[in-house]
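Reader: I should like to learn how to read the model below. Please take me through it step by step.

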Amino acid sequence: MKKVAIIGYAQHPILKNAGALNEVELIMPVVHQLFDDLGIGQKDIDFTCSGSCDYLQGAAFAFVEGLSAIQTNPPIKESHVEMDAAWAMYESMLKIQMGDAQTALIYGFGKSSPGDLNAIISLQMDPYYISPLWPDRVSLAALQARVLLDQNIITKEQMLTTVVEARANSKNNRNALITDLINESDYFSHAMISSPLNNLDCPPISDGSSAMIIASEEKAYEFTDQPIWIEGIDHRIESSNLGARDLSTSATLQASINQLDLENIKFDIAELHTQFSHEVPFLKSLLNLQDVPTNLSGGPLIGNVMMCAGLDAIGKTYESLKDNQLKHGLAHATSGPCLQHNMLVHLETQK
Amino acid sequence: MSDSKDLLRAPFELAYNYKRSNGPIMSKFFEALGEQKILGTKSSTGKVFSPAAEFDPETHESLKEIVEVGPGGAVESFSWIETPQHHHLIKEPFAFALIKLDGADTCMLHMVANCNEADLSIGSRVTANWSEVQEQRITDIKFFTLEK
């Protein structure tokens, strides 16, 4: 494996409603901030890859419009994933591994405010057995929450603690959308949306964008003296047959843990793409992170830009390692109902 | 400026406005639903998938053997919706549930209605209620209700 490093990351302030700001106007500031910080331009980028969801904009090939945010003349090598931009980062890393690029720009964007996210996510499910029933994303997550609570894998108190800590940690995140603190009685007085999840257990509807630049070992030091290395990366997906999955565990995450040999690494920090409160204690237990500071950025519960929040977990891990001179960080990105598809990224500062 | 009646207009429907094939296995499942029967597929190790799966996600074995399951089953998990949203098919409080039908080893996602949240728990026995009109869709099962 060639060594690949993250050399920059930028995040738009997470907005409740970006209003008339369109996707291009959300992407441009973060890309230009990255270019300005590193003193480079699009001419220095060999490969550009974005992550977004056409369902959010409600039009086929809507992602193409996002390219208006970057300079595409002279022509560029470019790709897109209909996924969280964490997977755009994965594709870019493969491109560098194959020797087709030395540098890559990744961006993700999402505006959830104009539509009805619950209905839109229903449309993305299995069109034969699941979509016609219109299950909303919260109800699907709640199915897993109930299994975990019923089997005492997590507790309601851990869910409360997760929500309280996410809001307390929002002070570390200048781009956070939700910053007001809550206490136990606030939590238990909130009505259920889809029991056992109330609206504090769920992420806020969010608009925004993020961008990242990665580079090969040869190029990384040209642009920065503080690259953070992608030491390990692995992603696996479980069956789309929701009813055939064991929601009390994750065989695919366990396989990723083994593949990356995570059990022998002492992580200093972790950022998890946990959109619902029950997922934090569940993943901390699966990933053996009980003693590792997790989601110090507040995580998706204080701002959850669809198609960016996974890339943000990687970006926040990068920032935390860089700013605090830490050694090992673990980032997690997910997609699909009930943590169906998971990516783990082991980031490391130079020895 | 021209009057609005002069503007060109075109309908825009955000939907799956195309037809698609159900394939050899799911066709049998949906045809059976039209006759108020629920089918599953059985693997060589005897594991029964319902709704009928085309392949075993663990072994990747192609599944061909059809068996009848249900119409009763047990709730394996549920999420209770006290206030349905506009897109939900049931307008009264109801649950989305994973239901393991009798004779099946995997769960069907569907809805449970005509009960209170307190009446439901993991393990609750439920049975299929059929829609008035059968369209060979998953919604031919209107919802599940608690067994009397």
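The following questions and answers treat the two chains in turn.

Reader: Before we begin, what kind of model is this, and at which pLDDT do side-chain atom pairs count?

Author: Residues are numbered from 1 along each chain as its sequence is written, while chains are lettered from A and ligands numbered from 1 in the order in which they are written. The model is predicted, so that local features need pLDDT of at least 70, totals for chains, interfaces and linings use all residues, and side-chain atom pairs count only at pLDDT 80 or more.

Reader: Does the radius of gyration of chain A agree or disagree with that of a compact globule?

Author: The radius is taken over C-alpha atoms, and the globule rule is 2.2 Å times the number of residues to the power 0.38. For 351 residues a compact globule would have a value near 20 Å, and chain A has 19 Å, so the two agree.

Reader: What percentage of the residues of chain A count as buried?

Author: A residue is buried if 20 or more other C-beta atoms, placed from the backbone, lie within 10 Å of its own, exposed if 12 or fewer, and partly exposed in between. Of the 351 residues of chain A, the buried share is 55%.

Reader: D261(A) has a positive phi; is this residue buried or exposed?

Author: Phi of D261(A) is near 55°, and the residue is not glycine. D261(A) lies in the loop between α10 (251–259) and β9 (269–271) of chain A; helices (H or I, at least four residues) and strands (E, at least two) are DSSP runs, numbered from the N terminus. Because D261(A) has 10 C-beta neighbours inside 10 Å, it counts as exposed.

Reader: N295(A) also has a positive phi; is N295(A) buried or exposed?

Author: Phi of N295(A) is near 55°, and the residue belongs to the loop between α11 (279–286) and β10 (304–305) of chain A. Because N295(A) has 26 C-beta neighbours inside 10 Å, it counts as buried.

Reader: Which residue does a cis peptide bond join to N73(A)?

Author: The omega angle of this bond is about 5°. The partner of N73(A) is found in the loop between α3 (63–66) and β3 (78–81) of chain A. The residue is P74(A).

Reader: How many residues of chain B are in contact with chain A?

Author: Two residues are in contact if their C-beta atoms, placed from the backbone, lie within 7 Å. On the side of chain A, 28 residues take part, and on that of chain B the number is 31.

Reader: Which strands of chain B each supply at least two residues of the side that touches chain A?

Author: By class, this side of chain B has 19 nonpolar residues (Ala, Val, Leu, Ile, Met, Phe, Trp, Tyr, Cys and Pro), three charged (Asp, Glu, Lys and Arg) and nine polar (the others, Gly among them). The strands asked for are β4 (72–81), β5 (94–101) and β6 (107–112).

Reader: Is β4(B) largely enclosed or open?

Author: Strands pair if DSSP finds at least two bridges between them. β4(B) pairs in the antiparallel sense with β5(B) over eight bridges and with β7 (residues 125–130) of chain B over three. Because eight of the ten residues of β4(B) are buried, this strand is largely enclosed by the rest of the structure.

Reader: Which residue in β5(B) does W80(B) stand opposite?

Author: W80(B) has its counterpart in β5(B), a strand that runs antiparallel to β4(B). The residue opposite is A95(B).
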